[in-house]
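Here's a quick tour of the model, taken piece by piece. Have a look at the fold first, and then we'll walk through the sheet, the charged pairs and a couple of histidines.

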Amino acid sequence: MLNWSEISTVLLDMDGTILDLHFDNQFWLVHLPKRYSEYANISFEQAQEKLHSHYERVAGTIAWYCLDYWQEQTQLPITTLKREIQHLIRLREDAVDFLNALRETGREVVLVTNAHPDSLSLKVERTQLDQYFDSLYSTHEFGATKESQLLWQRLQQKHPFTLENTLFVDDSLPVLNSAKKYGIKHLLAIANPDSQQAERNITEYQSITDYRVLLEEIRNTPVSK
């Protein structure tokens with residue numbers, strides 16, 4: 001599926017790729033509308049509709065991923081509300097074996113998430129995912145999202161990587177399209193980001209639903225020093 005003899009750096013998304021996306025979907029589509037309906041004294045359905053149309057207006061921008069922005073827009077303590085359902089934050093069940101295999105074979109493993117730094121901190125606190133990575137980056141520190149070519153330019157300046165020897169894994173097709181446009185050679189899509197939803201049929205990129213299908217090939221192809 002992937003030519004592991006060419007891959008020495010692995011850039012990984014977080015939500016839906018390493019973590020189960022169920023937490024995020026539950027928060028943005030159910031929990032926040034519930035709390036917003038209580039605050040604004042409107043029905044849950046009205047709150048859902050209002051927030052969803054707002055989500056669509058800013059999708060793919062820094063604002064969409066910015067907890068400060070949503071706190072300002074809703075007048076609600078977003079990080080506090082996230083903690084109300086933090087028990088849903090969990091690693092994908094296939095993630096740890098995959099991450100360990102990458103590290104054991106000498107590959108550099110880098111997290112690149114559009115998540116706000118406060119969201120990243122909460123998820124690290126809940127899962128200790130940082131122990132599996134060489135570096136962790138929130139795109140907020142670069143002032144651009146992965147949907148933008150500017151992010152890849154700024155990331156590569158700060159953390160040099162070779163396009164031909166890098167694998168990028170994400171569950172978002174617009175983000176994968178952006179990485180492809182930038183020239184990252186090896187790309188992989190996650191077809192089942194949310195454990196509570198059906199897997200998606202992805203034809204634009206190679207895709208998987210379980211990292212464990214990759215383990216033998218990864219371990220058989222360590223990075224030569």
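## Starting in the sheet

Let's begin with one pairing: valine 110 has serine 135 as its bridge partner in β3. Keep in mind that this is a predicted model. Valine 110 and serine 135 belong to a longer run of pairing, since β2 and β3 are joined by four bridges in the parallel sense.

On to the next pair of strands. Strand β1 (residues 9–12) runs parallel to strand β2 (residues 108–113), and four bridges join them. Two of the partners are easy to pick out: valine 10 has valine 109 as its bridge partner in β2, and leucine 12 stands opposite leucine 111 in that strand.

## The whole sheet

So what is the strand order of the open sheet? Reading across, you get β3-β2-β1-β4-β5-β6, six strands with parallel pairing. The edges are β3 and β6 (207–208), each of which pairs on one side only. As a general reminder, strands of a sheet pair through backbone hydrogen bonds, and they can do so in a parallel or an antiparallel way.

How enclosed is β2? Five of its six residues are buried, so β2 is largely enclosed by the rest of the structure. Helix α7 lies across β2 and β3, and runs at about 140° to β3. Put the three together and β2, α7 and β3 form a β-α-β unit that is right-handed.

## Salt bridges

How many salt bridges does a search of the whole structure find? The count is 14. One of them is between arginine 35 and glutamate 84, with the closest N and O atoms 2.9 Å apart. This pair links distant parts of the chain, with arginine 35 in helix α1 and glutamate 84 in helix α5 (residues 78–84), 49 residues apart. Arginine 35 counts as partly exposed at 22% relative accessibility, and glutamate 84 falls in the partly exposed class too, at 37%.

Helix α5 has another charged link. Glutamate 125 and arginine 83 form a salt bridge, again with 2.9 Å between the closest N and O atoms. Glutamate 125 sits in helix α7 (residues 117–127) and arginine 83 in helix α5, so the pair ties together parts 42 residues apart in sequence. As for accessibility, glutamate 125 comes out at 44%, which counts as partly exposed, and arginine 83 is partly exposed at 35%.

## A loop-to-helix pair and a network

Next, the side chains of glutamate 141 and lysine 158 meet in a salt bridge, at 2.9 Å from N to O. Glutamate 141 is in the loop between β3 and α8, while lysine 158 is in helix α8, so the pair ties together parts that are 17 residues apart in sequence. Glutamate 141 counts as partly exposed, with 42% relative accessibility.

Some of these bridges share partners: Lys34, Arg35, Glu38 and Glu84 are joined that way into one network. That brings back the arginine 35 and glutamate 84 pair we met above.

## Histidine 140

Is histidine 140 buried or exposed? Its relative accessibility is 18%, and because the buried class takes anything under 20%, histidine 140 counts as buried. It's found in the loop between β3 (135–138) and α8 (149–158).

There is a polar link here as well: the side chain of histidine 140 reaches the backbone oxygen of asparagine 114 at 3.2 Å. Setting aside neighbours within four places in sequence, histidine 140 is in contact with Ile62, Tyr65, Cys66, Asn114, Ala115, His116 and Pro117.

## Histidine 22

The other histidine to look at is histidine 22, in helix α1 (residues 22–40). At 15% relative accessibility, histidine 22 counts as buried.

What does histidine 22 touch, not counting residues up to four places away in sequence? The answer is Leu88, Asp194, Ser195 and Gln196. Arginine 90 is also worth finding: histidine 22 and arginine 90 are 68 residues apart in sequence, while in space they are 8.9 Å apart, C-alpha to C-alpha.

Methods. Residues numbered from 1 in each chain as written. Predicted model: local features only at pLDDT ≥ 70, side-chain atom pairs only at ≥ 80, totals over all residues. Heavy atoms only, no water. Buried < 20%, exposed > 50% of the residue type's maximum accessible area, 1.4 Å probe, protein only. Contact = heavy atoms within 4.5 Å. Polar contact = N/O pair within 3.5 Å; in protein donor to acceptor, adjacent residues only side chain to side chain. Salt bridge = Lys/Arg side-chain N within 4 Å of Asp/Glu carboxyl O. Pairing = 2+ DSSP bridges. Axes fitted to C-alpha atoms, helices over the stretch in contact; angles between N-to-C directions. Right-handed = clockwise from strand over helix to strand, strands pointing away.
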